[in-house]
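Welcome! Please open the structure in your viewer and get your selection tool ready, and we will walk through it together.

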Amino acid sequence: MENAKHESTPHSTPASGGVLDKWFKLSAHGTSVKTELVAGLTTFITMAYIIFVNPNIMAASGMDAGAVFVATCIGAAIATLFMGLYANWPVGLAPGMGLNAFFAFTVVGEMGYSWEIALGAVFWSGVIFTAMSFWKIREWVLDAIPESLRFAMTAGVGLFLGLVGLKTAGIVVPSQATMVTLGDFTQPNAWLAAVCFLVIAILAYRKIFGAVLIGVIGVTLAGLLMGIVEYNGVFAMPPSIAPTFMKLDIMGALNVGMITVILSFLFVNMFDTAGTLMGVAERANLRNPDGSIEGLKKSLKADSASSVIGTFVGCPPVTSYVESAAGVAAGGRTGLTAITIAVLFLLSMFLAPLAGMIPPYATAGALLYVAFAMMSSLAKIEWDDYTEMAPAAITALMMPLTFSIANGIAMGFVSYAVLKLATGQASKVSVGVYVLSVVFIAKFIYM
């Protein structure tokens, strides 16, 4: 399947003729309507946990959980629909894990900005990302940022997400003597979150379909049987989206203090998107004979524009999901897979009662699994070179220790520039790194 771009999948024979075949070029990609629908269902089930997890996280910022649930479904549906119709790629999009926690717990919780202003910052980061996708600025920035810092950002977001999950579950708690310490495992929240994580990890290792969703729903049912979760039903009309619809404060985000926040949203989203889309392209055999990737520019534009669109309904940065690889493995090759995912997200709006039942410990278990998966990026860092390793470690460690993705990125850039300058390797550092380092130093001094 992964060696021949036009090879048909084992699920069905390639399509021929028809409107869908002509629009999505099913025959040219060696796929069929049935295969694309199955692939879309596969991807949706692997990423559906976001409709339960995102409202829990965003509610910590003061946003209405019901409205965020609907916003998550609508934002994901619009973004994935755009990806399918415009880029013709089999990729699902939804609010990004890690960035939603940064939004709720750091920008709003620690820095004290309102969630409306935080949405404004997401809007501006999306506008910048979209503009970069239409010119060569995106390539310049991607090339300018050292690989070690890119990998460290992903790992650092994982560490940050892990700390949020551990804190939410009560597995780690505050301590006056040591800042943090082990929580009380006699409390059901702590051990149920740990069980949720272990179940997901075991199922994922065994490649069980929808591992995260099974883990989250499973421990929710366990809580229901124990009497610590209240049954509210499964289906109902969607809650009102009015509390978050068009509530972003675009002008309020235009202040100097928000520069690092906007850049953090931008960098993490940009590198995560690039890595995900290129990885999915490889699995879907979308690479042309000349080495170029078919439709990559369109997919990047669709992804970046989706973050802007998502802010209007109340979503943190919307990004491409690596879980799309599951649908590709099931035979998905075109935008029809994405259309299927989008329709399923829209139908999910009627699961609001179920979403409202998902307890924090189930969310925490999912956060821990995603966190540890993201930390695998640490393996790609050049650990033999101290001037590469130290800034990368600083970037990753300072995100959870300062409870801020922005601080981690800033300290990583500054330490990278200083170490390279002091060791006679100034020529190996791009102008962009020096410029951003100066901006970050000014931020630490004056803000």
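What follows is a tour of a predicted model, stop by stop, with something to select at each one.

**Stop 1: helix 8 and helix 17**

Begin by selecting residues 147-169, which make up helix 8, and residues 386-401, which make up helix 17. Their axes are 7 Å apart, and the two helices pack at an angle of about 25 degrees. Angles under 35 degrees count as roughly parallel, so helix 8 is roughly parallel to helix 17. Turn the view and you can follow the crossing, which is right-handed.

Now show the side chains. On the helix 8 side, the residues that meet helix 17 include L149, A152, M153, G156 and L163. On the helix 17 side, look for E388, P391, A392 and T395, among them. By class, the residues of this contact divide into 13 nonpolar, 3 polar and 1 charged.

**Stop 2: helix 8 again, now with helix 18**

Keep helix 8 on screen and add helix 18, residues 405-422. Here the axes come within 10 Å and cross at roughly 150 degrees. Because an angle over 145 degrees counts as roughly antiparallel, helix 8 is roughly antiparallel to helix 18. This crossing is right-handed.

Which residues make the contact? From helix 8, select S148, L149, M153, V157 and F160; from helix 18, select I405, I409, G412, F413 and Y416. Sorted by class, they give 8 nonpolar, 2 polar and no charged residues.

**Stop 3: two loops beside helix 17**

Next, select F403, in the loop between helix 17 and helix 18. Is F403 buried or exposed? With a relative accessible area of 13%, F403 is buried. Its backbone deserves a look as well: phi of F403 is near 55 degrees, a positive value in a residue other than glycine. Most residues other than glycine have a negative phi.

Then move to M375, in the loop between helix 16 (360-374) and helix 17. M375 counts as partly exposed, at 21% relative accessibility. Setting aside neighbours within four places in sequence, M375 is in contact with A155, G158 and L159. Try a distance label from M375 to A396: the two are 21 residues apart in sequence, and 9.1 Å apart in space from C-alpha to C-alpha.

**Stop 4: an aromatic cluster**

Colour the aromatic residues for this stop. A search of the whole structure finds 11 aromatic pairs. One of them joins F267 and F271, whose rings are stacked, with 6.1 Å from centre to centre and 25 degrees between the planes. Both residues lie in helix 11 (residues 259-283), 4 residues apart, which is about one turn of the helix. F267 and F271 are both buried. Add F413 and F440 to your selection, and you have one aromatic cluster of F267, F271, F413 and F440. You have already met F413, at the contact of helix 8 with helix 18.

**Stop 5: just past helix 11**

Select I293, found in the loop between helix 11 and helix 12 (296-313). I293 has a relative accessible area of 14% and is buried. Its contacts, not counting residues up to four places away in sequence, include W89, A281, L286 and R287. M278 is another residue that I293 touches; the C-alpha atoms of I293 and M278 are separated by 8.0 Å, although the two lie 15 residues apart along the chain.

**Stop 6: helix 3 and helix 5**

Now show helix 3 (residues 50-58) and helix 5 (residues 99-110), whose axes come within 9 Å and cross at roughly 20 degrees. That angle makes helix 3 roughly parallel to helix 5. Helix 3 passes helix 5 in a left-handed crossing. The residues to display are I50, N54, I57 and M58 in helix 3, which meet N100, A101, F103, A104 and F105 in helix 5. This contact has 7 nonpolar, 2 polar and no charged residues.

**Last stop: two more loop residues**

Select S348, in the loop between helix 14 (335-347) and helix 15 (352-357). At 3% relative accessibility, S348 counts as buried. Beyond residues up to four places away in sequence, S348 touches F44, I51, F69 and C73.

Finish at K25, in the loop between helix 1 (19-24) and helix 2 (33-47). K25 counts as partly exposed, at 48% relative accessibility. K25 is not a glycine, yet it has a positive phi of about 55 degrees.

Key:
Residues are numbered from 1 along each chain as its sequence is written. This is a predicted model: local features need pLDDT of at least 70, side-chain atom pairs count only at pLDDT 80 or more; totals for chains, interfaces and linings use all residues. Side-chain values use heavy atoms; hydrogens and water are left out. Axes are lines fitted to C-alpha atoms, for helices over the stretch in contact, and angles run from 0 to 180 degrees between N-to-C directions. Angles under 35 degrees count as roughly parallel, over 145 as roughly antiparallel, 65 to 115 as roughly perpendicular and the rest as oblique. A crossing is left-handed if the near helix is turned anticlockwise from the far one by less than a right angle, and right-handed if clockwise. Contact means heavy atoms within 4.5 Å. Ala, Val, Leu, Ile, Met, Phe, Trp, Tyr, Cys and Pro count as nonpolar, Asp, Glu, Lys and Arg as charged, and the others, Gly among them, as polar. Rings of Phe, Tyr and Trp (its six-membered ring) pair if their centres lie within 6.5 Å; planes under 30 degrees apart count as stacked, over 60 as edge-to-face and the rest as tilted. Buried means under 20% relative accessible area, exposed over 50%, partly exposed in between (1.4 Å probe, protein chains only).
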